[in-house]
Amino acid sequence: MTVVPDPAQVESPHDLAIALDILRKSKDLSLRQLEDRAKQMPDAAGRVRSLPRSTLSDALRTGQMSKETLVTLLLTCGVPAAEHEAWLSAWERARTSDVRRPSSAVRVRHANARLLGVHSSIAAPGETGLPLYVDRDVERGDDGIHEWLRQSAQHGGFLLLVGGSCVGKTRTAYEAALKVLPDWWLFHPRDASEIRALTEASPTRLVLWLDELQRYFGSDGLDAGTVRAVLGHHRSVVIISSIWPGRFGTYTALPKDGQDPFTEEREIINLSHTIRLKPDFSRSERRRAIAAADRDRRLRVALRAELGVTQTLAAGQQLLGRWEDAAVDNPYAWAVVTAALDAVRIGVPPPLTPEFLQKAAIGYCNPRHRAEASDDWFDQAIAHATTQVDGTASLLTASSSQMARRAGYEPADFLVDRATRSRRTALVPGSVWKAVIDTCNAYVCGLVGDGAYARLFYTHAEQLYRRSLSEEPPGAVGADALVGILARQRRVAEIEDLARQGHPEALDEMLRIYLSAGEFGKAWGLVEVWERLPGSFGADLATTEILDELVARDRDDELRAVADLDLESSWPMRMGTIRKARKALAGLLARQEKVDELGERAESGDLHALRHLADFGCEDTVVEVLNSVVHSDGTSYDVSIAQEYLSELLERRGETELSVWDVHLETEPSEIARFEQNGLLDALRSRADQGDVYVGRKIAAYLVEQGRLNELRELADGPVGFLYATAPLADALAEQGLHAELRARAEGGDHDAIARLIEALADQGQTSELRQWALRGNTSAFMRLSDLGLTAEALAIMRSRAQEGSAPDPGLIATLLTRAEQLEELDVLAKRGNRTAQEGMADILGAREDRDQLRMRALAGEQPSRDRLVELLVERGETEEAIELVEMTKGEWDAVTDYYLELLASHNQSDQLLLEVFGGTPGAGSAYVNYWKKQRRLERAHHIEVYGLDPDDYLDA
């Protein structure tokens, strides 16, 4: 019986050698016959010209060979081309079997999808394992996931899928990696420390799997430097990760009010290639699902459901129903699960400990339920919450890093995603905030404190921040906000206590307080605290502020007390303070015209006092003394100060010798004449030719002023003239009507000349030549044709180029389609996510006041249509509908948030504004306070601004 080798079983060079030898023997071919067959084969790309017996012997013994050798061997053995891919995959696995990688890494093809985070599926008779996969639109095309993975396989990359829970992020990523990189190694790290270890291992051909990216953030979490190191040095490492839209928006939103707790997270996300996955199947995806449903009953069930295909497959509807039903059937389970959902919503990372859940759940039970609770109420609630629904998922899932131990519980991410939206403005009771304080670490307390602060829950925020600062180093999360709370409540003694502990924010506030009160002795005490902080510039900045305030108050005695300290016996930080004090005192004495004291201080070696004497008729003497110091063996500080003051005085006297390095920011182009008069123009040109663009631009502007076009041409044609001279030359040629030369330079490829020529042609109405430039693909030419009323012709040229294989710029074609009001094509681009097209549709529909179309597009997720419809409704006085629309369509916070809050305030929607405060909406707290100020309820506004809100006051409202 003939044995047929299976290349799918090959994992190492040894396996490959055995499989190939079995293949040769199954064909009954000797090494000589293989060699002869190879010689008779025609030359072709991808194979070697010959197979010497020595090469064959080594390959069949060691399993090590080139790709071309393997292909040639397969051809000589008569292996059909359709089977080559399997053998090439086997060769790839063998070749990379011993590459550097973590010990727990597995081949992508052997990875367990469930362990990677793919949800289990609803049950159906006769169906097991994962449902049949339905290809998603984001995988396809030149900008799809598959093509991105193929490109990134060469040099590495970071793919981040953004989408809500149960929309298929993890499954899509898994299937894409399985299709494109099946034989790469895959590593699913437990935490950030295992990722940092990769930077030392220098792995290659590795997929780094970071499902739920936020799990790797935190106090000792992933940092951007580690990500860069993993991807650096041309390693073939591909990071694949996912994140929910809400968290993506939180991490990437630009900070407000100076607080920026997510700097590291935003920097990491900015390193990624982001692809968004929509919650609902597109028409094409649905067609593919229908075609696959004949082979999988679970798909048939999902296609009939209202919730969504991917969500239904993951038992989302059943989970949602079980949670909602528990409010009546098992209120204690409902309390525990809802407490878990709200906790995750405000930033507490799972798993949530039993101690936390038990304390937090109390706030979700009414007085009767608290009184009637049995001793084992919590155990019963956990049992209900961890019971699987339809055999696939549960409301809470036990989690632990050790065998047979439950460290905590994680709520189903589908419920978290749903609760993040449905309970966005729900009040989080005090029991949750207190549970965080009692059970969570300092870092988590700091982050959750920010959530409490945004909701104006200052009492809880203060306690959370204090818990955070008890362990975290000075400058930790929340210190600034805590100091703000204490300052508004005039709790100066507590701020002083924080300042003594070394918290920079408290030091800043106390410095402001001391200086306002003129308590300079206490202010200097703060400088001593700053000096003890490692890596802090606070002492230097505080010293400057104190000295400036002393000068402003004419406190020369106190300045003298510092300035007259002995430099020799002072340590380096204090030496800087003394020198600054001497400079400040000299300036004050000069302003007070105390010339005698300036003279005395100058005689004692104070160079700052010496400099000011020059303003009182002693300039020659001062210059002489400064010159002697410059050429002396004095300290480097004295010599540098003397040089600075000497240069200043010599320049004032017009005795400075010019240098090519004297061209600076304030140098006007006309001042270049002075350098030319001193014979330095050629030297300046040389500096420009060496790449100094700044100097080149100054020279070019000067030559334009002088009308010296020949010299400007020489500059423009120089090695780097395109950086600074071609644009001014093109402008000058156009202004002087030298269009023939401008055209010649444009034809020669001068981009500045092309741009200026296009403008000139448009100004003159030269449409025929504009058409020629448009046919070459010049973007400006298309726009200028459109400006001249020839938008249809510009579009026709663009379509003609597209038929010839030149891909049009999506933004440009969207702009032209907007101008032509060709809605059908514009609609296609808009639905593909083209922002320019979406804005164009919004503008056209807004001008037509087509509210129905605007609303339809807004509800489909097109932000420009939403914003335009909101504006239209407000202009017509229909504010209630505008507010309703924004509430329905806002997800990740964007520019419309502030506008939305303004709408609520301007139409006295104080209850809804308060709900936004409870939801932690950025800016809602300030908007709520300002609302009461505008209502002239100043006492109420002041109380909220200073003391915040108490959530327990609103639980029964």
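Two strands count as paired if DSSP finds at least two bridges between them. In this predicted model, strand β3 (residues 185–187) clears that bar with strand β4 (residues 206–210), the two pairing in the parallel sense over three bridges. Within this pairing, Trp185 sits opposite Leu206 in β4.

Both strands belong to an open sheet of six, ordered β1-β3-β4-β5-β2-β6, with mixed pairing. At the edges are β1 (106–107) and β6 (273–276); each has a single partner strand, so one side of each is left without a neighbour in the sheet. Helices also lie against this sheet. Helix α8 (residues 192–201) packs on it, touching β3 and β4, and its direction makes about 160° with that of β4. Helix α7 (residues 169–180), for its part, lies across β2 (157–162), β4 and β5 (237–243), running at about 160° to β5.

Turning to the nonpolar cores, the largest holds 195 residues, and Phe356 and Leu357 touch the most other members. Helix α16 (residues 331–345) gives the most to this core, chipping in ten residues. Beyond its neighbours within four places in sequence, Leu357 contacts Val336, Ala340, Leu352, Phe378, Ile382, Leu396 and Tyr409. Another core, of 31 residues, lies apart from the largest one and includes Val237, Ile239, Phe248 and Leu447.

Further along the chain, helices α44 (residues 791–803) and α45 (residues 810–820) have axes that come within 9 Å and cross at roughly 145°. The crossing is left-handed. On the α44 side the contact is made by Thr791, Ala794, Leu795, Met798 and Arg799, and on the α45 side by Leu812, Ile813, Leu816, Leu817, Arg819 and Ala820. By class, that comes to eight nonpolar, one polar and two charged residues.

Technical notes:
Residues numbered from 1 in each chain as written. Predicted model: local features only at pLDDT ≥ 70, side-chain atom pairs only at ≥ 80, totals over all residues. Heavy atoms only, no water. Axes fitted to C-alpha atoms, helices over the stretch in contact; angles between N-to-C directions. Helix = DSSP H or I, 4+ residues; strand = E, 2+ residues; numbered from the N terminus. Left-handed = near helix turned anticlockwise from the far one by under 90°. Contact = heavy atoms within 4.5 Å. Nonpolar A, V, L, I, M, F, W, Y, C, P; charged D, E, K, R; others polar. Core = buried A, V, L, I, M, F, W, Y, C linked by side-chain atoms within 4.5 Å. Buried < 20%, exposed > 50% of the residue type's maximum accessible area, 1.4 Å probe, protein only.
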